[in-house]
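I am opening a notebook page on this structure. The entries below record what I looked up, in the order I took it.

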Amino acid sequence: MADDDRTTIQKLRALIDHPRTGEAERAVARRMLDRARQKTSPPAPRVAGVPHLDPRDPWAQMHALFDHLTAAAEAQRVQQERIRKERRATPEARRVRSEASRRGWAARKAREEAEAEARAAEDAREDEYYRLVGGGPWCDGLDVHPVMGEVECRRPPHAGGDCDDMRGHTWPHYDD
Ligand SMILES: [Zn+2]
């Protein structure tokens with residue numbers, strides 16, 4: 001409220017309250033006071049982004065409130081997205097992403113190398129196996145291994161000593 005308005009209201013009140021003020025004068029002062037108060041009363045609250053509302057219409061107020069909340073939520077989302085993008089664009093964020101990418105690549109390369117080594121070792125074992133067992137003929141004695149299942153003796157036909165699958169598993173040789 002401006003100081004001028006405040007002073008006017010105080011003067012009118014004093015005039016209305018003063019015992020020597022006449023009735024007609026007092027009535028005029030009251031009307032002027034009413035007008036001054038209307039002029040200085042705070043405007044009905046406005047909702048951002050929506051037309052000015054009749055404060056006596058609660059439904060319009062409520063619709064406006066929901067519109068306002070929706071708009072505020074959307075504005076918040078847009079702002080958060082902008083902040084997120086800005087953060088991602090900083091040199092530090094780029095450096096961290098680049099570093100993570102490099103680490104990921106190094107880990108994948110190490111894994112591929114380990115797999116290649118394992119394959120080479122397996123190939124070497126197979127070569128060694130075929131070198132040992134040759135092309136037969138073999139004993140062909142059978143056993144059941146808990147993991148490998150049914151295995152066959154790959155020693156040459158023999159009457160003594162354990163059967164051997166030449167992959168590290170041996171079992172007693174039984175004559176038929
Ligand atoms: Zn055998």
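**Entry 1, the metal site.** I began with the spacing of the zinc donors along the chain, which reads C-x13-C-x4-H-x4-C. The model is predicted, and I read the entries below with that in mind. I then listed the protein donor atoms: SG of Cys139, SG of Cys153, NE2 of His158 and SG of Cys163. Their distances from the zinc ion run from 2.1 to 2.3 Å. For the geometry I looked at the angles among the four donor atoms, which are 104 to 115°. I noted the site as tetrahedral, because the four-donor criterion asks for all angles between 85 and 135 degrees.

I also looked up where two of the cysteines sit. Cys139 is in the loop between H4 and E1, and Cys153 is in the loop between E2 and strand E3 (163-164), so this pair ties together parts 14 residues apart in sequence.

**Entry 2, the loop between H4 and E1.** I stayed with the loop that holds Cys139 and checked its backbone. Pro137 lies in this loop, and the peptide bond joining Gly136 and Pro137 is cis, with omega about 0°. Asp140 has its place in the loop between H4 and E1 too. I noted its phi as near 65°, a positive value in a residue that is not glycine. For reference, most residues other than glycine have a negative phi, and most peptide bonds are trans.

**Entry 3, the strand pair.** In which sense do strands E1 and E2 pair? I found E1 (residues 142-145) and E2 (residues 149-152) paired in the antiparallel sense, over four bridges. The connection from E1 to E2 is a hairpin of three residues. I took one position across the pair: Asp143 is opposite Val151 of E2.

**Entry 4, the helix pair.** Last I looked at helix H3 (residues 58-89) against helix H4 (residues 91-133). The two pack at an angle of about 65°, and their axes are 5 Å apart. That makes H3 roughly perpendicular to H4. Which residues meet here? From H3 I listed Arg87, Arg88 and Ala89, and from H4 Pro91, Ala93, Arg94 and Arg97. By class, the residues of this contact are three nonpolar, four charged and no polar.

Technical notes: Residues numbered from 1 in each chain as written. Predicted model: local features only at pLDDT ≥ 70, side-chain atom pairs only at ≥ 80, totals over all residues. Heavy atoms only, no water. Axes fitted to C-alpha atoms, helices over the stretch in contact; angles between N-to-C directions. Parallel < 35°, antiparallel > 145°, perpendicular 65-115°, else oblique. Contact = heavy atoms within 4.5 Å. Nonpolar A, V, L, I, M, F, W, Y, C, P; charged D, E, K, R; others polar. Pairing = 2+ DSSP bridges. Donors = N, O, S within 2.8 Å, 3.2 Å for Na, K, Ca; no water. Tetrahedral: all angles 85-135°; square planar, octahedral: opposite > 155°, others 65-115°.
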